[in-house]
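User: Hello! Could you walk me through this structure, one question at a time?

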Amino acid sequence: MTGGAIVSGPHAHSKFSVAQTMVSVMVCLSPATALGFYQFGWPAILLFAVTVASALIAEAICLLLARRPVSIYLFDGSAILTGWLLAMTLPPWAPWWVGTVGAFIAIGLGKHVYGGLGQNMFNPAMVARAMLLVALPVQMTTWVLPPPFGEPGAPEFWEALTITFGGSGDIDAVSGATTLGFVAAGLDGGRHLTDIMAETFPLRSLAFGHVPGSLGETSALLLFLGGCLLIAMRVIRWQTPFALLLSAGGLSAALHLLDPMSYPSPLWHLASGGLMLCAFFIATDYVTSPVSGLGQLIYGAGTGLLIVIIRTWGAFPEGAAFAVLLMNACTPVIDTYTRPRIFGRDRKGRPLELPKGARQ
Amino acid sequence: MQLFSLASLKRYGGNFGIRGGVHPETRKYLAAECAIETMPLPSLVRVPLQQHIGAEAVPLVKRDDQVLKGQLIGKARGAVSAHVHAPTSGRVIAVGQFAAPHPSGLPVATITIRPDGEDRWGPHMPRMRPEDADPAEIAQRVMEAGIVGMGGATFPAAVKLTLRERYPLHTLIINGAECEPYLTCDDRLLRERSEEVVDGIRIMARALGITKVIVAIEGNKPQAIEAIRRHIFAVGPEARVVRVPTLYPMGSEKHLVQTVTGLETPARALTAELGVVVHNAATAHAVHKAVRYGEPLISRVLTVSGFGVKRPANVEVLIGTPVSEILDHCGGLTGTPDRLILGGPMMGLPIQSLRVPVIKGTNGILALEAAETRRHEAMPCIRCGGCIKVCPCGLMPMEMHARIHAGDLDGAVETGLLDCVSCGSCSFNCPSNIQLVQGFNYAKGRLAAKQSQKHQQEEAKRLAEARTARMEAIADAKRKAMARRKAEQAAKKKRQAEEKARQAEAAATEKTSNAGTDAQTAGPPPQEAAE
Amino acid sequence: MIFAIATMTVLGLGFGTILGFAARRFHVETPPVVDEIETVLPGTNCGQCGFAGCHGAAEAVADGSAPVTMCPPGGREVAVQLAEIVGADAAADLSGMEEAHEEPIVAFIFEDHCTGCTKCFKRCPTDAIIGAAKQIHTVINDACIGCDACVEVCPTEAIILRSKPRTLRNWHWPKPDASVGSAA
């Protein structure tokens, strides 16, 4: 009947595929991305396009080198998603080559050196971001807050081309620090938190995204809603984001209670920077996170703690990328120790004892 | 005494939960409203002698024999085996090998009968009144009727009815879950023949000496639940119908036991060790017919469904009817289906030929079109954990798959390969469409093959040692015979020599002058010959 | 600097001495591997390896003159066990045996060509061939180890080796093709 080899059951399938998974994630990411485009104008759109296209090209080259079927892999969505996530973490007015180099690092070094889809140990986008941050400290920390898209003062398309492709442009006019960077610098300078906070953006701006930062650092609220949609669609499970937000919030709350003068409030922590993006879209990456629910709880909690620790005591104002990479390294260990209990066996794999009450 | 426990709280809601499980599109609407119809006599019936788990039955008829409906034509061999009966009257036209209703299409011993069209019954087994009958007698009758588990596992039912001799039993669960998509034959049976089914349940409960009976039916069959509830009082006050959630694989024996009783069967143990016996609803119907009317198991109800079938239906067919004739009865195929399956789409077996017969455990014939089946391309595992989430056995299918793929079968066993029930939930849910279950089936088959190979190697070693011993014994015997013959010859020679010597002596006494030379040429000296 | 060099030298010498001493002091007499190998081999003395029986083969494997894959009836299973006994470097030899010996081999007699000469069943190490003089012989599949001995002696070339016929009892699902894009 099949004309080919006889195959074993099940003959039915949920009809959910890898590509559909990736597309769902992109759909849930798109509101926040769109807001970012509105916020930062044409340069951000151009950089985004360049990064995603570079990711696809890098994927195609790697597939050709590895002699794998390009047509099947290239449009499974994983390369596009990697490029997308990377673009979300870049300064929106960065020159095009930052995005291209990042995409090649992500796809080449982050993914294909390990053997391609499903084989990589570390989140490719975060590998790229971490390397860029170390290698290009100036380009990676030049933030802008231009007038929103379409309003006077926002760069036109032609201006945007010069910003993205033609070198510097007049960025200085609008550059500033991210809230995280600003607070970290202020604290390092020995100032009181209340003074710093008064000068920085209020929580509402953080939630709605009217702050300088990367595309993914803007609207915590939209990212949160997109993430909840992703959970509702059963693409990701609730464990990782829940544990991550809880632990990050919990640790920052404890610190804040200890010394409100030096440690910012938990709400500020949750709403600022890439924490939301990390909780719902980056830490939940299938390939590099644990597979069982319990494992994901541990992993999420670890990531959340590390983010707050790095933000508070580390050298970088934002620690999401490093926290995720560190926890990625722990994934195999977590997986080993969080196996589900086998039906009819205890946790150690021995058959259950026959219950006494069963024999009446 | 238990005053309060969390389990009792959960109980209040109805059921105990199981881990994992999936919700495949059931598509039961295709055949759920089709009343059971009886198929006309087929032109040919092919009755395999192996329709059950255990040893093959021994044929009792030969070519050109006339058989009557219900006549015993294959006798059970050994404890775990089942009788086979002629499904209709006619002439045996072959006793030989024919393709089995199995994915391999390999041959199995089969009795082919050309029906004479009269459908004449042979002598029935005497009717029994189960109310007065001895439990052992009932079990004996179920054995004589050749009844096996009709949910697909085909374990001889009589063996399960004698379990009270070995385990203290307290609950009989009737499995009417029918969790496989498409299949509706148990649903129809429970609805249309509820009285018969309940009577069968009652008989089985009596055979097992149990009063506590639970009929478990999935919530998507409200009419069946209603119908059985109307009649269940006949079994006794402790019998009840439980509505279990519509979740695949609810019909898996151990998972059903956990759902309705909360008891988790230990690995590698039988549910009977917990005091619970599970029988299929269709088996209960067959028991009813065997005990009340003395009719052996020669027909069954099955579902013909799938988008590839013109007229989906629930048909009562004779065991041994070729699949092609059943499909013709249902209006034939709409085109060339993507897959033809015996059983349900989750655990059913694909077949290569339409000429194979249906057997006692066949509960469905599905002709699935490409839109209903799995896609054909596999992607690499993306570690989404979907297989782990849905596995009802708490396994890590992706890890087992990786180990099997790397050839590490022992590693797969360590991670729980032998606890896998091959339900297919993992493959169903895999976004990469990896053939997890086939990999597990392959690994289980390889392990069994290895086991038998090891056994065979030991046997060969034993044979070789026996042969060496025999050869040595033969050689030894030969040597001894040779030595004896040699000794005899030597003795003979000695006698001859002595004779000659005597003659020579006699001669010497006659001719004393040349005696010395004569004696020397007479032969070797006696000492030498005796060596 | 001189002090550093001196320290390192002293340390090196000290540890070297300790290690050398330990190696002599705690020297373990390796057990005779030949016996161990012989228990792994099928023990049917079929002679397919070209050595004088399984004991001869075991000696050859032990001194390295025969590869661990020399036993066809044992197949991959035995080869793996032998590799474990004689050392890991032998594992490289196994790659060639991957699928080739998965299928068990048995002898098969073409009955048309068989003259009933009884040579084969006299030669069979496991008595897997039954028959009598002037009668057609046949092979018991379950007892045959596929050793080739009967094939060599058959005067009419009526015996061949073939893979063991599949039956419903020994059939199992084939290994799924895991390559990407393959037909599932």
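User: Let's begin with burial. What percentage of the residues in chain B are buried?

Analyst: Happy to help, and please keep in mind that this is a predicted model. A residue counts as buried when 20 or more other C-beta atoms lie within 10 Å of its own. Of the 531 residues in chain B, the buried share is 52%.

User: What radius of gyration does chain B have, set against a compact globule of 531 residues?

Analyst: For a compact globule of that length one would expect a value near 24 Å. The C-alpha atoms of chain B fill a box of roughly 130 × 60 × 60 Å along the principal axes. The radius of gyration of chain B is 35 Å.

User: How many helices and strands does chain B have, and what share of its contacts join residues at least 24 apart?

Analyst: Chain B has 16 helices and 17 strands. Counting contacts in chain B between residues at least 6 apart in sequence, the share joining residues at least 24 apart is 72%.

User: How does the side of chain A that touches chain B divide by residue class?

Analyst: The contact involves 57 residues from chain B and 38 residues from chain A. Those on the chain A side divide into 20 nonpolar, 13 polar and 5 charged.

User: And in chain C, how many charged residues are on the side of domain 1 that touches domain 2?

Analyst: The domain assignment gives domain 1 (33-97) and domain 2 (105-163) in chain C, with 25 Å between their C-alpha centres. Their contact takes 8 residues from domain 1 and 7 residues from domain 2. On the domain 1 side there are 4 nonpolar and 4 polar residues, and the charged count is none.

Definitions and conventions
Residues numbered from 1 in each chain as written. Chains lettered and ligands numbered in written order. Predicted model: local features only at pLDDT ≥ 70, side-chain atom pairs only at ≥ 80, totals over all residues. Helix = DSSP H or I, 4+ residues; strand = E, 2+ residues; numbered from the N terminus. Rg over C-alpha atoms; globule rule 2.2 N^0.38 Å. Buried ≥ 20, exposed ≤ 12 C-beta atoms within 10 Å, placed from the backbone. Contact = placed C-beta atoms within 7 Å. Nonpolar A, V, L, I, M, F, W, Y, C, P; charged D, E, K, R; others polar. Domains from an automatic or database assignment.
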